[in-house]
Amino acid sequence: MSKIELYHGDCIELMQSLKPKSIDLIFADPPYNLSGNGFLTTQNGKVAKLHKGDWDIIEDIHLFNENWISQCIRVLADTGTLWISGTLHNHPSVGVILKKLGLWIINDVIWFKPNATPLLSTNRLAPSTELIWVASKSKKYYFDYTMAKIINDGKQMKNMWVINAEKHKTIHPTEKPEKLLERILLIASKEGDAILDPFMGSGTTGVVAKRLNRNFIGYEISKEYFDIANVRIGIVQPIKELITAIEKEQNRNDKQYALVMEKKGKYKSPKKKVS
Ligand SMILES: C[S@@+](CC[C@H](N)C(=O)[O-])C[C@H]1O[C@@H](n2cnc3c(N)ncnc32)[C@H](O)[C@@H]1O
């Protein structure tokens, strides 16, 4: 049975209580700092200012990134890997800090979303990708090449991943697809490993970690999102047969989750558009 620990609070403070080198895999989906810049998007078919939440407005994004990444490096095992997702709004900063702090950059995974939201402006290309930095402290890190091949129908996996944005299961504006996290956890960790998500949001990493029999520690600064993640992770059942069972189990959990959240008035109607 996996051990699940969820904490409400600031990850930079909370990570200080973790033992050095105690974590096997970190997936971090930090604030991208794209809100508050006057960018436009669509909401319920209407033009609206892009605002993910106040948590997405960071005064000194470089200092913020350096502070939390430093803590991640302290708690990451020598064989562990750190995965950080972002868009052009924060990935240059993250890349510079990874180099500055002496990390070994293994890959830049390009997550391509074929169903990305169309762009309203006519002065640029429509954004349809996110970049995920993959880094480690040493060159001897855990990486399951065989598993990557199995997931990719027997072929060597490349660093461009074509995964549709999924319908959100919660009201969180930047919920990641479970399929994306499944791929990362299957390739970069084993059953029983310790997984950390410092910015857990709606709890996607925790859902997948529990389902795949990994231990999980998650931090979230917003009480509302923390409660959502707590419920969502709480109802997940671990699975025994990997990969083939994933989709079946996911559907079952989605229905259970929808019922609980509907009662709490927090379930996002499937009719709404994916951001
Ligand atoms: C990009 S979202 C993560 C979404 C998540 N991957 C998911 O699938 O739902 C970032 C989250 O980090 C939280 N956050 C921002 N600053 C934080 C901090 N200092 N400590 C912990 N959580 C923080 C925000 O409230 C937000 O929910």
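Visitor: What makes both faces of strand β9 (residues 194-197) count as covered?

Guide: In this predicted model, Ala194 and Leu196 lie on one side of β9, Ile195 and Asp197 on the other, and all four are buried. A residue is called buried if 20 or more other C-beta atoms lie within 10 Å of its own; each of these residues meets that criterion, so both faces are covered.

Visitor: How do you know that β9 pairs with β10?

Guide: Pairing requires at least two bridges. Four bridges join β9 to β10, so the requirement is met, and the two strands run parallel. Asp197 has Gly218 in β10 as its bridge partner.

Visitor: Why is strand β2 (residues 23-28) also said to pair with β9?

Guide: Two bridges join β2 to β9, and at least two are needed, so these parallel strands pair as well. Leu25 stands opposite Ile195 in β9.

Visitor: Why is the unit of β9, helix α6 (residues 204-211) and β10 called right-handed?

Guide: With the strands pointing away from the viewer, the path from β9 over α6 to β10 runs clockwise, and therefore the β-α-β unit is right-handed.

Visitor: How do you know that Trp83 is in contact with Ile184?

Guide: The criterion is C-beta atoms within 7 Å. Trp83 and Ile184 satisfy it, so they are in contact; Ile26, Phe27, Ile132 and Val134 are further contacts of Trp83.

Visitor: Which residues of the largest nonpolar core touch the most other members?

Guide: Among them are Trp83, Ile26 and Ile184, in a core of 53 residues. Helix α5 (residues 178-188) gives the most to this core, with seven residues.

Key:
Residues are numbered from 1 along each chain as its sequence is written. This is a predicted model: local features need pLDDT of at least 70, side-chain atom pairs count only at pLDDT 80 or more; totals for chains, interfaces and linings use all residues. A nonpolar core is a set of buried Ala, Val, Leu, Ile, Met, Phe, Trp, Tyr and Cys residues joined through C-beta atoms within 7 Å. A residue is buried if 20 or more other C-beta atoms lie within 10 Å of its own, exposed if 12 or fewer, and partly exposed in between; C-beta atoms are placed from the backbone. Two residues are in contact if their C-beta atoms, placed from the backbone, lie within 7 Å. Lists of a residue's contacts leave out its neighbours within four places in sequence.
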